[in-house]
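Subject: Structure for you to look at

Dear colleague,

Please find below the structure that I promised to hand over. Have a look at it first, and then read on for what was found in it.

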Amino acid sequence: MTIIENNKDHANQILHRIYHRTSHAWRIGITGPPGAGKSTLVERLAIDFVKHNKTVGIVCIDPTSPFSGGAILGDRVRMSSLFLDPKIFIRSMATRGSLGGVARATNEVCDLLDAFHKDIIIIETIGVGQVELDVAGIANTTIVVLVPEAGDSIQTMKAGLMEIGDIFVVNKSDREGADRLTMEIESVLEMKNSQRTPPVLKTVATEGKGITDLYNCIMEHQKYLVSSGDFTKQKREKITSEIVELIDSKIKSNLWQNKKINSNLTLLVEKVIKGQQTPYHASEKLIKIWKNSRGVSR
Amino acid sequence: MNKKLRILVAKPGLDGHDRGAKVVARALRDAGFEVIYTGLHQTPEMIVTAAIQEDVDAIGLSILSGAHMTLFPNVLKLLKKQKATDILLFGGGIIPDEDKKVLYKSGIGKLFGPGTPTSEIVEYLKKYFKTE
Ligand SMILES: Nc1nc2c(ncn2[C@@H]2O[C@H](COP(=O)(O)OP(=O)(O)O)[C@@H](O)[C@H]2O)c(=O)[nH]1
Ligand SMILES: [Mg+2]
């Protein structure tokens, strides 16, 4: 996993070799604002899955500080009861700044866990920025966790978050406002015209309340995906974007490792400064140079 | 390649608060490390299992309970058992000099007293991983 996070070329070789073993696990994404109780829910869910004789991999993603490049990965604090269970493997990851890259490395770590025969993989991400939308792309079931305090902000909440959820959880429903929030979410979801309206559940993660319901909803969603054919559709979309992303990054690194491109870039920049060139024409020219240097013609 | 150093910070033993450990965790983050913070009341087994799953480069233990002469050796013993002695084990707490001598001899990394400026810990780790 460390190799996969650190070195793309080695990673691709490893992943190529294990790929045939990676379509076994069901992947569950859990997202929501910081402090909503995601880690606590993950702990409870994992215990439930183990009770049902499943092995569980957990990937927790926390943001990298844009200033130092460091990160505090603190989700394990709420999961200490899982540490010694041989059926459970927990891995913490930092976003490391790259937006689309988060999904790539996460997906690959999930592939590894899958190849290690985990039945269930739970991915916890903070529901901020682009990350959670990316993660929805790699999970089979996406759970959005909200808390009553977020009550009156549902209007202003990003549309994206409401669209990616296959299941909605109102956690901390021991607090005031849980019923109101549940109703608000339901009314937003009603406006969507899709075949399946996502269920909205109330939980108290710290007391383990509502976890069985959540477990059942996940199972129900899994059945629905498979029987409706959406599962195949999901898979097709995922493989397509995997291939596209691999090509994108190969082309990019090939392009910028080309010495001719880099030396011409420096020259062209000077020309633009002198008013002899525009960035638009310069970029066309560079692409032409790249194509010629690789013997590719249009 | 963007190798990031990963450090597990834990507070084993039964005593109360983890303020010190958190201060160190934040300082390490601000110095560019990825810190896996596991919280209070960890047993040596939990610490070593977590360290292996997370593939960390070092483990930092904060021990104020006076149990350093059992906790450090136990973690070290488990690391040996798992063939994971490439992981640096260091720590902090109120540790008398004669105990420190014994622990250093057994292969434990630097032990910092309470109130050590966090910059000293950061310097130590940076040096350790560069010159290794
Ligand atoms: N009152 C209440 N507190 C909760 C509940 N679930 C989690 N918490 C607390 O909320 C805080 C944040 O939980 P955590 O799982 O770390 O949230 P995360 O940031 O979303 O992963 C912790 O102090 C939990 O004990 C709940 O259902 N009710
Ligand atoms: Mg969390």
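Two strands are said to pair if DSSP finds at least two bridges between them, and that definition is needed for much of what follows. Please also keep in mind that this is a predicted model.

With that definition in hand, we can begin with strand E5 of chain A, which covers residues 120–126. Strand E1 (residues 26–32) of chain A is joined to E5(A) by seven bridges, and the two strands run parallel. Along this pairing, A:Trp26 stands opposite A:Ile120, while A:Ile28 has A:Ile122 as its bridge partner. E5(A) also pairs with strand E2 (residues 56–62) of chain A, again in parallel, through six bridges, and there A:Val59 stands opposite A:Ile123.

These pairings belong to an open sheet of seven strands in chain A, with the order E4-E2-E5-E1-E6-E7-E8 and parallel pairing. Strand E4 (88–94) and strand E8 (200–202) stand at its edges with a single partner strand each, so one side of each is left without a neighbour in the sheet. On average, neighbouring strands of this sheet are turned by 20° against each other, if direction is ignored.

Is E5(A) mostly covered or mostly uncovered? The strand is mostly covered, since seven of its seven residues are buried. In a regular strand the side chains alternate between the two faces of the sheet. In E5(A), A:Ile120, A:Ile122, A:Glu124 and A:Ile126 point one way, whereas A:Ile121, A:Ile123 and A:Thr125 point the other way, and all of them are buried.

One of these residues, A:Glu124, leads us to the metal site. The magnesium ion (ligand 2) is coordinated by A:Ser39 through OG, by A:Asp75 through OD and by A:Glu124 through OE, at 2.1 to 2.2 Å. The spacing of these donor residues in sequence is S-x35-D-x48-E. Because A:Ser39 lies in helix H3 (residues 38–51) of chain A and A:Glu124 lies in strand E5, the pair ties together parts that are 85 residues apart in sequence. Buried means under 20% relative accessible area, and so A:Ser39, at 8%, counts as buried, as does A:Glu124, at 4%.

Chain A also holds a pair of helices that you may like to look at. The axes of helix H8 (residues 211–228) and helix H9 (residues 230–257) of chain A come within 4 Å and cross at roughly 85°, and H8(A) and H9(A) are therefore roughly perpendicular to each other. In this contact, A:Tyr224, A:Leu225, A:Val226 and A:Ser228 of H8(A) meet A:Asp230, A:Phe231 and A:Gln234 of H9(A). The residues of the contact divide into four nonpolar, two polar and one charged.

Finally, there is a sheet to which both chains contribute strands: six strands form an open sheet with parallel pairing, in the order E3(A)-E2(B)-E1(B)-E3(B)-E4(B)-E5(B). At the edges stand strand E3 (71–73) of chain A and strand E5 (111–112) of chain B, each with a single partner strand, so one side of each is left without a neighbour in the sheet. Within this sheet, strand E1 (residues 6–12) and strand E2 (residues 34–42) of chain B pair in the parallel sense over seven bridges, and B:Leu8 has B:Ile36 as its bridge partner in E2(B). Helix H3 (residues 68–81) of chain B packs on the sheet, where it touches E1, E3, E4 and E5 of chain B, and its direction makes about 160° with that of E3(B).

With best wishes

Terms used: Residues are numbered from 1 along each chain as its sequence is written. Chains are lettered from A and ligands numbered from 1 in the order in which they are written. This is a predicted model: local features need pLDDT of at least 70, side-chain atom pairs count only at pLDDT 80 or more; totals for chains, interfaces and linings use all residues. Side-chain values use heavy atoms; hydrogens and water are left out. Donors are N, O and S atoms within 2.8 Å of the metal (3.2 Å for Na, K and Ca); water is not among the atoms, so sites may look incomplete. Buried means under 20% relative accessible area, exposed over 50%, partly exposed in between (1.4 Å probe, protein chains only). Contact means heavy atoms within 4.5 Å. Axes are lines fitted to C-alpha atoms, for helices over the stretch in contact, and angles run from 0 to 180 degrees between N-to-C directions. Angles under 35 degrees count as roughly parallel, over 145 as roughly antiparallel, 65 to 115 as roughly perpendicular and the rest as oblique. Ala, Val, Leu, Ile, Met, Phe, Trp, Tyr, Cys and Pro count as nonpolar, Asp, Glu, Lys and Arg as charged, and the others, Gly among them, as polar.
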